[in-house]
Amino acid sequence: MRFTYVTLFPQLIEGYFQDSIMKRALQAGLFSFDFCDPRDYAANKHAKVDDTAAGGGAGMVMMSQPLFDVLAQFEDTTVIFPTPVGKPFTQNDAKRLARKKHIVFVSGRYEGIDERVIEHFADELFSIGDYVLTGGELPSLVMSDAIARNIDGVLGNRESLVTESFETYLLEAPSFTKPAVYEGMGTPSEFLKGNHSKITALKFALSTAKTQYFRPGQLIQHNKRTTYEK
Ligand code: ADE
């Protein structure tokens with residue numbers, strides 16, 4: 001898998017891959033990443049990449065020409081535009097996109113990107129939540145992290161992908177580690193006794209309760225799915 005980030009600010013993204021799981025996965029050759037700076041493609045003297053909005057309005061808009069020239073060079077890619085008006089990015093999208101060969105994330109800055117670029121090149125438009133960020137770099141990183149951890153081998157332990165939140169619509173059960181009591185707060189005693197079927201049953205009950213409390217809609221989805229599967 002290859003990730004390409006089309007961005008005016010590659011340094012905002014680069015640091016994320018210099019530590020921890022992503023660093024190990026890169027070193028193991030499980031994916032690679034590179035950058036394209038639209039400024040390097042600007043066909044004007046001052047390497048200008050933005051201009052005032054047609055029809056007026058506050059802020060500048062990223063121009064078509066540099067982005068057309070950047071994106072025209074790619075073949076056989078999935079081109080993603082992060083935008084607050086995209087469809088909500090989900091775990092299913094992360095899993096589906098983990099099977100792609102090459103994903104190109106196009107980060108807008110300023111007031112956005114000339115719509116003709118999006119019309120011409122976008123395969124998918126995604127929002128990472130109902131709030132507005134100053135650019136597409138953070139959403140691109142969020143999505144690439146969620147995608148990369150679904151690439152075979154990126155997480156050491158396949159088990160952790162199966163049991164985590166959103167795989168079954170249930171939120172993950174709470175986790176504890178040693179000591180068994182900390183600041184007067186205990187660990188559920190079943191977790192300390194080592195009876196695996198009891199632990200599984202308790203985790204399921206805690207997952208269900210947590211989902212009911214924090215994300216009742218997810219519990220409805222879970223119940224629908226398990227009803228159909230019966
Ligand atoms: N760009 C700015 N805000 C965003 C958001 N919430 N999701 C995706 N891209 C964005």
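**Surroundings of the ligand and of Glu-137**

A nitrogen atom of the ligand lies 3.0 Å from a polar backbone atom of Leu-133, where a polar contact is a pair of N or O atoms within 3.5 Å and, within protein, one atom must be able to donate a hydrogen and the other to accept it, residues adjacent in sequence counting only if both atoms are side-chain atoms. The protein covers 95% of the 260 Å² of accessible area that the ligand has on its own, with areas taken from the Shrake-Rupley method and a 1.4 Å probe. The model is predicted, so that local features need pLDDT of at least 70 and side-chain atom pairs count only at pLDDT 80 or more, while totals for chains, interfaces and linings use all residues. Residues are numbered from 1 along each chain as its sequence is written, and side-chain values use heavy atoms, without hydrogens and water.

A nitrogen atom of the ligand is also placed 2.8 Å from a polar backbone atom of Tyr-131, and for Thr-83 the corresponding value is 3.0 Å. The shell around the ligand (residues with a heavy atom within 4 Å) includes Pro-82, Phe-126, Gly-129 and Pro-139, and divides into eight nonpolar, four polar and no charged residues. Its largest share, three residues, comes from β5.

Glu-137 belongs to helix α6, residues 137-148, a helix being a DSSP run of H or I with at least four residues. Because its relative accessibility is 2%, Glu-137 counts as buried, a term for values under 20%. The side chains of Glu-137 and Thr-7 are joined by a polar contact of 2.6 Å.

Note on methods:
Helix = DSSP H or I, 4+ residues; strand = E, 2+ residues; numbered from the N terminus. Buried < 20%, exposed > 50% of the residue type's maximum accessible area, 1.4 Å probe, protein only. Nonpolar A, V, L, I, M, F, W, Y, C, P; charged D, E, K, R; others polar.
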